[in-house]
Amino acid sequence: MKLTGSEIVAEMLVRENVPYAIGIPGHGNLGLVDALRRCRERIQVIMPRHEQAAVHMADGYYRVKGKPLAVFTSIGAGASNTAIGLATAYVDSIPLLLLIGETHTYMRGVGVLQEVERQHWSDMPRMLYPVVKRAWRIDSAGQLPRAVAQAFNVMDTGRPGPALIDLPMDVQAETADVEIPDMS
C-alpha cells in the first residue's frame, strides 16, 4: 500500500499494539503528529509540557503495564531534552521507542531548524547513542517498516531498553509503496 513515512510509523505502532504516543508537536514532527491524529481511534496522543516528562511517562507506563510506548520529539533541543529520561530507561532496562523529528535529508549540514551539526551533519541521534540500545538513521520512507519492526525486536530482546528512530521531515512526508508486516 502507498503510505507516507509518517503513516507507516503510525500504522506500525498500531500493529504493535502501542496504546499511546507521547510527545510535543513541533516543526520537525508535524507529519508524524498528523498521521497519529488520523489514527486517533487506534492510538492516543498525549502531549506533556516537556520532552523529558514524555520519556518518564513512557517509563512509568512500562513499569506498570509491561508494554512499551512511543515518544516523539522535534529537532534539536526538544530531542536533547529526552536524554535524562532515556538514561533512566536504559539503566533500568525499560523499553520505549523514541522518534526524533529531524531536518530534511537534503538540508543536512546547513544548520537550519535547530539542527545539531557542528561536528557531524544532523548529529542529534549520536548524542543519545550511549543511552539507547540501538538507533536508526532513516533516509527514505521505504526503510521504515523494517526499522520499526527491528526497533521493537531490539527493545525487548535480551536486556530490554530504549530504541531511537531518526525521522527527517522529508521522509515523514515521502510516500512509499510498502507492506506493513503483521506484528501479531
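Helices here are DSSP runs of H or I with at least four residues, numbered from the N terminus. By that count, A151 sits in helix 7, which covers residues 144-156. The model is predicted. The protein has eight helices and eight strands. Its radius of gyration is 15 Å, close to the 16 Å that the globule rule gives for 184 residues, so the protein is as compact as a globular protein of that length.

**Overall shape and surface**

- Along the principal axes, the C-alpha atoms fill a box of roughly 40 × 35 × 30 Å.
- Of the 184 residues in the protein, 51% are buried.
- Take the contacts with a separation of 6 or more: 80% of them join residues 24 or more positions apart.
- The exposed area of the protein is about 8,400 Å². Carbon and sulfur atoms supply 51% of that area.
- The protein carries 18 positive and 20 negative charges. The mean positions of the two sets are 4 Å apart.

**Nonpolar core**

- The largest nonpolar core holds 56 residues.
- Inside this core, the residues with the most contacts are I8, L13, L97, L99 and I165.
- Helix 7 gives the most to this core, with seven residues.
- L13 is in contact with V18, L36, I43, A70, L97, L99 and F152, leaving aside its neighbours within four places in sequence.
- Two of those partners, L97 and L99, are also on the list of residues with the most contacts in the core.

**Helix 1 and the residue after it**

- Helix 1 spans residues 5-15 and is mostly covered, with nine of its eleven residues buried.
- The buried residues are G5, S6, I8, V9, A10, E11, M12, L13 and V14.
- E11 is thus listed among the buried residues of helix 1, alongside I8 and L13.
- N17 follows helix 1. Its place is in the loop between helix 1 and strand 2 (20-23).
- Phi of N17 is positive, near 60°, in a residue other than glycine.
- N17 has 57% relative accessibility; the cut-off for exposed is over 50%, so N17 counts as exposed.

**A151 in helix 7**

- A151 has 0% relative accessibility and therefore counts as buried.
- Beyond its neighbours within four places in sequence, A151 is in contact with L97, W136, A163 and I165.
- Among these partners, L97 and I165 are listed with the most contacts in the largest nonpolar core.
- K133 is 18 residues from A151 along the chain, and their C-alpha atoms are separated by 9.1 Å.

**G101 in strand 5**

- G101 lies in strand 5, residues 97-102.
- The relative accessible area of G101 is 3%; buried means under 20%, so G101 is buried.
- Leaving aside neighbours within four places in sequence, G101 is in contact with G28, T73, S74, I75, L167 and Q172.
- G101 and T4 are 97 residues apart along the chain, with 15 Å between their C-alpha atoms.

**S93 in the loop before strand 5**

- S93 is found in the loop between helix 5 (83-91) and strand 5.
- S93 is not a glycine, yet it has a positive phi of about 60°.
- With a relative accessible area of 16%, S93 is buried, whereas N17, with a phi near 60°, is exposed.

Technical notes. Residues numbered from 1 in each chain as written. Predicted model: local features only at pLDDT ≥ 70, side-chain atom pairs only at ≥ 80, totals over all residues. Heavy atoms only, no water. Helix = DSSP H or I, 4+ residues; strand = E, 2+ residues; numbered from the N terminus. Buried < 20%, exposed > 50% of the residue type's maximum accessible area, 1.4 Å probe, protein only. Contact = heavy atoms within 4.5 Å. Rg over C-alpha atoms; globule rule 2.2 N^0.38 Å. Areas by Shrake-Rupley, 256 points an atom, 1.4 Å probe, with all protein chains shown as cover. Lys, Arg positive; Asp, Glu negative; His and termini not counted. Charge placed at Lys NZ, Arg CZ, Asp CG, Glu CD. Core = buried A, V, L, I, M, F, W, Y, C linked by side-chain atoms within 4.5 Å.
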